[in-house]
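This report looks at pockets, helix packing and the contact between chains. Please read it with the model open.

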Amino acid sequence: MDLNYAALLPEILLAVAGILLMLAIPVLPSRQQVRLGYAASLALAAALVTALLQWGDHGPAFFGMVSMDALGGAARILFLVSSAAVALISVSYLKRERLRHGEYFPLLLMATVGMSLMAVSADLIMTFLGLEILSISSYVLAGYRRGDPRSNESALKYFLLGAFSTAFMLYGIALLYGAAGSTKYAGIAEAATQGQAETATFLLGLGLLLVGFGFKAALAPLHVWTPDVYQGAPVPITAHLAVGSKAAVLITLLRLLHQVFPASADQWQTLLWIASAATMIIGNVAALTQTDVKRLLAYSSIAHAGYILLGVIANSPRGAQGVLFYLAAYSLMTLGAFAVVQVFARREERFTKLEDFRGIGYRHPLLSVSLTIFLLSLIGIPPTAGFYGKLFLFSAAVEADLVALVILAVLASAVGLYYYLQLIVLMFMKEAASPPEPVPVPLAARIVILLMAAGTLYLGVYPAQVLSIAGEAAGL
Amino acid sequence: MGMVPATHYLALGAVLFVIGVAGFIVRRNVITMFMSVELMLNAVNLTFLAYARTWNQVDAHIFVFFVMTVAAAEAAVGLALILGLDRHSQTLDIDSADKLQG
């Protein structure tokens with residue numbers, strides 16, 4: 001056990017790049033600030049290359065605070081891809097909204113560092129620090145449209161409830177430390193097998209930890225902040241919160257429950273069973289009545305977290321594989337959908353109502369066809385990524401005897417059919433209400449939309465490759 | 001001179017934490033809500049230190065420094081956001097933040 005800096009090379013790279021970008025803000029003339037966005041994208045690409053090269057590395061680093069394994073490696077690649085997509089759609093967004101490029105990209109890089117650290121963490125304190133680096137950067141980013149009271153409200157609500165939930169999580173960590181005498185994953189798992197798992201302190205600690213994670217992952221009934229925060233935040237940041245941030249929390253939850261708390265499986269499975277059922281039902285039913293597309297996608301992301309929990313509750317490598325594959329599929333389709341919304345919203349995000357999408361089908365084929373692919377994938381219709389995602393998750397859950405929950409999930413997705421299809425019908429089968437208005441599609445955003453659409457179709461046609469990577473990460 | 005047993009500190013930590021939770025839920029003033037969260041974090045710090053004594057380890061002392069650093073960073077961001085609320089709506093009442101509705 002020693003320091004082994006190389007293990008955290010992608011994170012170190014991003015952190016250094018973030019600091020350098022911050023130093024560059026005052027010296028760059030304001031017309032050239034736009035370069036910061038491309039520099040950040042380059043840094044993310046470099047970190048992605050490093051992470052890919054490190055795929056397959058194993059072993060502890062930083063005195064056991066961090067541990068490299070396939071799960072952490074795969075998660076890290078997912079987060080870097082998600083953040084790179086967010087950075088690319090942000091450049092034109094900031095320009096269009098006449099927002100400062102300066103602090104935005106360093107904060108996005110830092111948020112990525114936080115997500116990445118959570119993925120490779122092997123100690124609850126490290127997990128807490130990663131989560132806080134992610135959260136504090138995200139609070140600022142959610143309120144980045146400072147002139148807009150809605151953005152400020154979004155950030156404030158996110159901050160207050162985020163800090164509140166952090167305190168719960170931290171109290172849980174303190175109690176687990178009290179029961180186990182260590183905050184290391186291995187130490188807690190060992191103490192749990194030696195009889196500590198039955199003590200009140202240990203169970204209370206686990207419960208509080210789950211409350212904290214439930215808040216961050218927007219699991220019902222702790223999801224109430226999500227629609228408001230997602231609606232008020234700038235669109236690229238909504239994408240970041242719905243994809244990267246949510247995936248980081250869910251993967252950490254998966255690792256903790258499967259690797260650290262298998263001894264308490266009965267307790268957390270019961271708790272998550274209820275949370276999963278409630279999350280799927282509330283997410284899908286509440287989405288039915290939404291009129292704003294950002295809010296609609298917020299409820300949809302809540303519902304998808306409910307499906308993902310199925311794989312966590314299954315408590316098997318197959319379940320973990322399903323979770324990882326689903327997260328990859330979910331990331332592609334959700335990032336794509338938000339990229340379309342970002343472009344379509346136009347200046348000051350005026351066009352985010354569902355009604356605004358009326359009749360755009362033939363007028364903006366690139367946007368409408370790709371959005372249709374993403375929505376079909378969110379429903380789970382073949383040949384899209386969402387279909388195989390649901391298939392692998394649900395079959396892993398059936399293997400783990402979660403038949404009732406799977407039936408509930410299928411019924412809940414049937415409800416989801418209505419509101420996703422409603423948007424497709426609006427786009428293609430209704431007459432536009434207003435005269436046509438041009439929708440400029442910047443190059444970077446176009447690339448992101450096309451890549452995400454291609455990825456969604458690729459995973460829907462050839463799932464085998466990504467599935468085997470997910471399997472390796474899940475320890476199959 | 002008798003030592004105060006660790007359970008006393010744990011009990012005090014639990015009480016402070018519950019006061020923080022109650023304050024967060026009951027109060028409508030954003031600054032008071034934020035102070036309640038700070039109280040919860042300090043209750044956690046006290047709990048960490050009490051356990052550090054029962055386990056006779058220094059690790060938990062270091063965690064407390066981490067928690068304090070994070071709390072300071074959170075305060076910096078949070079107070080800026082609270083200032084933003086005050087500028088937009090000339091009040092610190094959380095119920096005035098109601099522009100986002102479904």
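What follows covers the open pockets, two helix pairs, the chain contact, the cavities and some backbone details. The model is predicted.

**Pockets**

The largest pocket has a volume of about 740 Å³. Its lining holds 30 residues. Closest to the centre are Ile77(A), Leu78(A), Val81(A), Ala328(A) and Leu332(A). Five elements of chain A each give two or more residues to this lining: α2 (34-53), α3 (70-96), α13 (317-345), α17 (443-461) and α18 (464-473). The most comes from α3(A), with nine residues. By class, the lining has 26 nonpolar residues, four polar and no charged.

The second largest pocket holds about 430 Å³ of space. Its lining numbers 15 residues. Val140(A), Gly143(A), Tyr144(A), Arg146(A) and Leu81(B) lie nearest the centre, with residues of chain A and chain B both on that list. Helix α3 of chain B, residues 59-89, gives the most to this lining, with seven residues. Here the classes are seven nonpolar, four polar and four charged.

The table sets the two pockets beside the largest cavity.

| Space | Volume | Nonpolar | Polar | Charged |
|---|---|---|---|---|
| Largest pocket | about 740 Å³ | 26 residues | four residues | no residues |
| Second largest pocket | about 430 Å³ | seven residues | four residues | four residues |
| Largest cavity | about 70 Å³ | one residue | three residues | six residues |

**Helix packing around α17(A)**

Two packed helices are described by the angle between their axes and the distance between the axes. Take α13(A) with α17(A). These helices pack at an angle of about 145°, with axes 9 Å apart. The crossing is left-handed. From α13(A) come Phe325(A), Ala328(A), Ala329(A), Leu332(A), Met333(A), Leu335(A), Gly336(A), Ala339(A), Val340(A) and Val343(A). They meet Ala445(A), Val448(A), Ile449(A), Met452(A), Gly455(A), Thr456(A) and Leu459(A) of α17(A). This contact has 14 nonpolar residues, three polar and no charged. Ala328(A) and Leu332(A) take part in it, and both are also among the residues closest to the centre of the largest pocket.

Next comes helix α14 of chain A, residues 365-379. It packs on α17(A) at an angle of about 35°, with the axes 10 Å apart. This crossing, too, is left-handed. On the α14(A) side are Leu366(A), Leu367(A), Ser370(A), Ile373(A), Phe374(A) and Ser377(A). On the α17(A) side are Arg446(A), Ile449(A), Leu450(A), Met452(A), Ala453(A), Thr456(A) and Leu457(A). The classes are nine nonpolar, three polar and one charged. Ile449(A), Met452(A) and Thr456(A) of α17(A) touch α14(A) and also touch α13(A).

**Contact between the chains**

The size of an interface is often given as the accessible area lost when the parts come together. Between chain B and chain A, the buried area is about 3700 Å². Carbon and sulfur atoms give 78% of it. The contact draws 41 residues from chain B and 43 from chain A. Which three residues of chain B supply more of its buried area than any other three? They are Glu74(B), Leu81(B) and Leu100(B), with 19% of the area that chain B buries against chain A. Leu81(B) also lies among the residues nearest the centre of the second largest pocket.

**Cavities**

Across the whole structure, five cavities of 30 Å³ or more are found. The largest cavity has about 70 Å³ of space. Arg145(A), Asp148(A), Arg150(A), Gln231(A), Gly232(A), Ala233(A), Asp292(A), Lys294(A), Glu349(A) and Thr352(A) line it.

**Backbone details**

Glu349(A), part of that cavity lining, has a positive phi of about 50° although it is not a glycine. Glu349(A) sits in the loop between α13 and α14 of chain A.

Two cis peptide bonds deserve a look. One joins Ala220(A) and Pro221(A), with omega about 0°. Pro221(A) is in the loop between α8 (200-216) and α9 (226-232) of chain A. Another runs from Pro382(A) to Pro383(A), with omega near 0°. Pro383(A) lies in the loop between α14 and α15 (385-399) of chain A.

Key: Residues are numbered from 1 along each chain as its sequence is written. Chains are lettered from A and ligands numbered from 1 in the order in which they are written. This is a predicted model: local features need pLDDT of at least 70, side-chain atom pairs count only at pLDDT 80 or more; totals for chains, interfaces and linings use all residues. Side-chain values use heavy atoms; hydrogens and water are left out. On a 1 Å grid over the protein atoms alone, a cavity is a set of points where a 1.4 Å probe fits but cannot get out, and a pocket is an open set with protein on both sides within 12 Å along at least five of seven lines; lining residues have an atom within 4 Å of a point. Grid points are joined across faces, edges and corners, and a volume is the space filled by probe spheres set on the points. Helices (H or I, at least four residues) and strands (E, at least two) are DSSP runs, numbered from the N terminus. Ala, Val, Leu, Ile, Met, Phe, Trp, Tyr, Cys and Pro count as nonpolar, Asp, Glu, Lys and Arg as charged, and the others, Gly among them, as polar. Axes are lines fitted to C-alpha atoms, for helices over the stretch in contact, and angles run from 0 to 180 degrees between N-to-C directions. A crossing is left-handed if the near helix is turned anticlockwise from the far one by less than a right angle, and right-handed if clockwise. Contact means heavy atoms within 4.5 Å. Buried area is the accessible area (1.4 Å probe) that two parts lose on being put together, summed over both.
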